[in-house]
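The following report concerns the arrangement of domains, chains and DNA strands in one model. Please consult the sequence and the structure alongside the text.

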Number of protein chains: 2
Amino acid sequence: MENDMTDTGSRRRVTIREVAERAGVSMATASRALSGNHPVPAATRARVLRAARDLDYVANAHARALVGGGRKMAAVVVRQVTSPFYAQVAEGVEAEAADRGWLCVVGATGGDPQREMEFVQLMREEGARLVILVGGVVEDEAYRSRVAHYAQALDSSGARLVLCGRPAPDPDIPALVVEFDNEAGARAITGHLLSAGHRRIVFLGALPGNTALDARVAGYRAALAEHGLPPAAARVVDCGLGRAAGLRAMTELLKETREFTAVVAGDDMVAAGALRAIADAGLGVPADISVVGYNDIPLAEDFNPPLTTVRTPAEELGRAAVRIALRDPEHAAGSRHLLGTHIVVRKSVAPPPTDGGLTPV
Amino acid sequence: MENDMTDTGSRRRVTIREVAERAGVSMATASRALSGNHPVPAATRARVLRAARDLDYVANAHARALVGGGRKMAAVVVRQVTSPFYAQVAEGVEAEAADRGWLCVVGATGGDPQREMEFVQLMREEGARLVILVGGVVEDEAYRSRVAHYAQALDSSGARLVLCGRPAPDPDIPALVVEFDNEAGARAITGHLLSAGHRRIVFLGALPGNTALDARVAGYRAALAEHGLPPAAARVVDCGLGRAAGLRAMTELLKETREFTAVVAGDDMVAAGALRAIADAGLGVPADISVVGYNDIPLAEDFNPPLTTVRTPAEELGRAAVRIALRDPEHAAGSRHLLGTHIVVRKSVAPPPTDGGLTPV
DNA sequence: CCCATGTATGAAAGCGCTTTAACTTCCTCT
DNA sequence: AGAGGAAGTTAAAGCGCTTTCATACATGGG
């Protein structure tokens with residue numbers, strides 16, 4: 001090589017023109033050999049590839065995207081990356097994207113619509129072809145107009161919009177919805193508790209307006225009804241999600257009443273908080289109170305006791321979002337896909353205490 | 001607007017030329033008003049901004065990057081996004097990047113060097129200016145040459161390389177190392193056990209060659225020595241990381257011997273597995289065996305019992321990586337930064353059983 | 001033997017943007 | 001009053017690449 005002992009820190013990138021020159025061909029031929037967009041005789045191709053390797057040529061993705069009018073890039077937007085559930089979804093998206101040679105960027109909003117909008121805007125600038133918004137929301141007017149805006153904006157940039165676990169405000173909107181069947185999942189896990197003999201079951205961690213949670217609450221109520229309980233038997237605590245919320249709400253609930261023998265948590269993190277609150281109150285799980293969660297995060301089996309919960313294959317959700325959106329683009333837009341879930345039985349459920357409960361009515 | 005009722009799905013993006021025309025200025029002026037790279041009178045600026053808004057103009061990041069010769073983008077590469085520790089680091093990087101208006105892309109390698117190389121290559125093409133490789137490795141010849149290659153390649157693309165929790169094979173290599181002081185952390189947590197009276201402590205989850213784990217093992221041995229124990233008192237189980245590994249190794253260890261009263265786990269996930277194995281063996285923590293972890297993942301306090309562990313502020317590690325690399329680029333390259341850690345005391349440590357241990361010698 | 005066909009290659013246009021260099025006003029200073 | 005600037009603006013160059021269009025040369029059927 002000619003620059004053996006010369007300045008190594010040369011900042012200028014090698015361009016395709018230099019590769020072409022070294023290979024003794026035109027830029028056009030070099031481009032074709034390198035990108036494979038057009039057949040090139042094996043001998044020529046080899047010469048070009050050789051030159052590229054010698055020069056440590058690195059294609060400029062921007063130039064490519066600029067002329068190519070886009071690029072293979074997907075974006076996944078979550079509340080926070082450190083939430084186990086979101087992390088799994090993101091991993092699924094990343095994996096499925098990587099499988100097709102796509103780049104995947106993840107954005108964290110911290111639940112702030114402002115940052116969500118900024119990120120979507122950024123993705124438009126970056127030319128992402130797939131934007132996946134993950135996580136339940138409260139479906140208010142602001143949300144509806146936000147999503148309508150995204151859908152229109154992304155569509156006009158030629159990008160596809162996927163909503164995971166959140167609703168499309170309008171069936172005409174060109175967004176694909178992929179989510180778990182929350183109602184069925186909650187119905188099943190509540191049924192599990194009912195089958196064990198529980199009759200006083202509280203739902204901890206509702207978030208009125210949040211469609212995902214609302215569906216779970218609906219499933220919970222449906223299960224109660226199926227087992228012949230009156231609507232009044234339902235007890236729903238609107239404390240929202242997260243370990244801290246579960247801890248606080250459960251602590252308060254226990255102070256207020258003990259007329260229940262089981263709790264259905266809005267998700268596993270709420271269950272984690274509830275478990276701690278119950279232990280702090282000197283009660284045992286499942287001896288005194290049975291607890292079930294939702295999502296089956298990786299550490300759910302390390303809770304105390306191991307948590308019976310609903311497994312929502314989060315990584316599969318991420319993969320499905322990409323797969324469906326890319327499979328049949330035209331047909332997919334505007335459709336809704338429901339993914340199934342199933343119960344994972346561990347140690348946090350037992351029949352209610354035989355003495356009739358903590359504080360018999 | 002003129003295209004009120006017309007075809008909405010127009011795929012062509014609005015360009016700066018159209019904005020300029022509508023605002024009645026040249027492209028140059030429009031560009032300056034939009035990007036703010038050059039002062040423009042307020043009145044003109046307002047006119048351009050107005051036009052851009054009316055047209056729903058979205059800048060093309062590729063064109064920008066192409067002419068600008070790069071872009072504000074950082075990449076963070078981890079083994080898997082779903083590991084709580086890596087997720088936190090990634091979140092830190094994302095947050096710090098977002099604070100400066102940088103884009104952050106995350107890549108998952110699954111621990112495969114091949115994929116790591118592909119990803120680094122991809123980042124070169126994408127023009128990332130900062131590549132952060134996270135996570136301990138075994139420092140073999142392959143690793144050394146890989147990193148040397150990255151460093152050289154990225155440097156020649158004008159990008160900075162940061163190694164988090166893994167070594168720079170050669171002090172001359174233009175890579176910045178940012179990591180926790182593993183030795184000190186392990187020494188402290190082992191000291192905690194020793195102070196509680198334990199003398200037979202096993203280290204579970206070593207991974208010979210992995211520099212991060214090796215440092216922890218070294219810290220563990222150092223603590224033992226400090227308390228006057230002979231080198232032979234050390235017992236290190238090389239089972240690697242992860243919950244499954246911890247579960248399996250602990251199960252086997254318990255079958256083989258019970259001549260220990262405490263275990264230092266390689267990380268919290270190993271601790272999780274160990275906890276389960278001990279419970280499965282009918283033993284109590286901390287009554288029979290004390291257990292400590294490493295990293296203080298968010299759910300460590302929900303373990304059974306809540307885990308005493310070493311807090312390694314993972315998000316701060318991510319933030320620090322970005323901050324240091326960007327703060328003083330020239331000076332930073334080639335330097336090494338150690339972040340401090342501290343013990344978080346919970347419920348998984350007690351004095352050793354007074355009956356002299358499980359199986360007194 | 002010549003034209004249609006196919007294959008290999010190259011010159012040049014142009015993707016959307018930023019920036020340089022040049023030009024025009026309009027002041028201000030001497 | 002005219003030189004010297006400052007301020008505002010623009011035309012045009014060019015970032016690195018892909019692709020169209022054109023060209024050049026073989027090949028083979030009529």
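## Domains, chain symmetry and DNA contacts

The C-alpha centres of domain 2 of chain A and domain 3 of chain A lie 28 Å apart. The model is predicted: local features need pLDDT of at least 70 and side-chain atom pairs count only at pLDDT 80 or more, whereas totals for chains, interfaces and linings use all residues. Residues are numbered from 1 along each chain as its sequence is written, chains are lettered from A and ligands numbered from 1 in the order in which they are written, and side-chain values use heavy atoms, with hydrogens and water left out.

Chain A is divided into domain 1 (16-59), domain 2 (72-180 + 314-340) and domain 3 (182-312); these bounds come from an automatic or database domain assignment. Between domain 2 of chain A and domain 3 of chain A, 12 residues of the former are in contact with 10 residues of the latter (contact means heavy atoms within 4.5 Å). The two domains bury about 890 Å² between them, with 57% of it on carbon and sulfur atoms; buried area is the accessible area (1.4 Å probe) that two parts lose on being put together, summed over both. On the side of domain 2 of chain A, Pro84(A), Phe85(A) and Phe180(A) lose the most area to domain 3 of chain A, together 45% of what that side buries.

The relation between the protein chains is considered next. A turn of 180° and a shift of 0.1 Å along the axis lay chain A on chain B with an RMSD of 0.2 Å, which is the relation of a two-fold axis. The superposition is by least squares on the C-alpha atoms of residues with pLDDT of at least 70 in both copies. Because 100% of the interface residues of chain A are also interface residues in chain B, the copies meet through the same surface.

DNA strand C is surrounded by 23 residues, the closest being Ser26(A), Ile16(B), Ser31(B), Tyr57(B) and Arg64(B) (a residue is near a strand if one of its heavy atoms lies within 4 Å of it). Of the atoms of DNA strand C that come within 4 Å of the protein, sugar and phosphate account for 62%. DNA strand D is likewise surrounded by 23 residues, and the closest are Ile16(A), Ser31(A), Tyr57(A), Thr29(B) and Arg32(B). For DNA strand D, 62% of the atoms within 4 Å of the protein belong to sugar or phosphate and the rest to bases.

The table lists polar contacts to phosphate oxygens, a polar contact being a pair of N or O atoms within 3.5 Å.

| Residue and its atom | DNA strand | Distance to phosphate oxygen |
|---|---|---|
| Ile16(B), backbone N or O | DNA strand C | 2.4 Å |
| Asn37(B), side-chain N or O | DNA strand C | 2.9 Å |
| Arg64(B), polar side-chain atom | DNA strand C | 2.7 Å |
| Asn37(A), polar side-chain atom | DNA strand D | 2.9 Å |
| Arg64(A), polar side-chain atom | DNA strand D | 2.8 Å |
| Ser26(B), polar backbone atom | DNA strand D | 2.8 Å |

The elements that give two or more residues to the surface near DNA strand D are α2 and α4 of chain A together with α2 and α4 of chain B; helices are DSSP runs (H or I, at least four residues), numbered from the N terminus. The most comes from α2(A), with 5 residues. For DNA strand C, the largest share of the nearby surface, 5 residues, comes from α2(B).

By class, the surface near DNA strand C has 12 nonpolar, 8 polar and 3 charged residues. Here Ala, Val, Leu, Ile, Met, Phe, Trp, Tyr, Cys and Pro count as nonpolar, Asp, Glu, Lys and Arg as charged, and the others, Gly among them, as polar. The surface near DNA strand D has 12 nonpolar, 8 polar and 3 charged residues.

Technical notes:
Polar contact = N/O pair within 3.5 Å; in protein donor to acceptor, adjacent residues only side chain to side chain.
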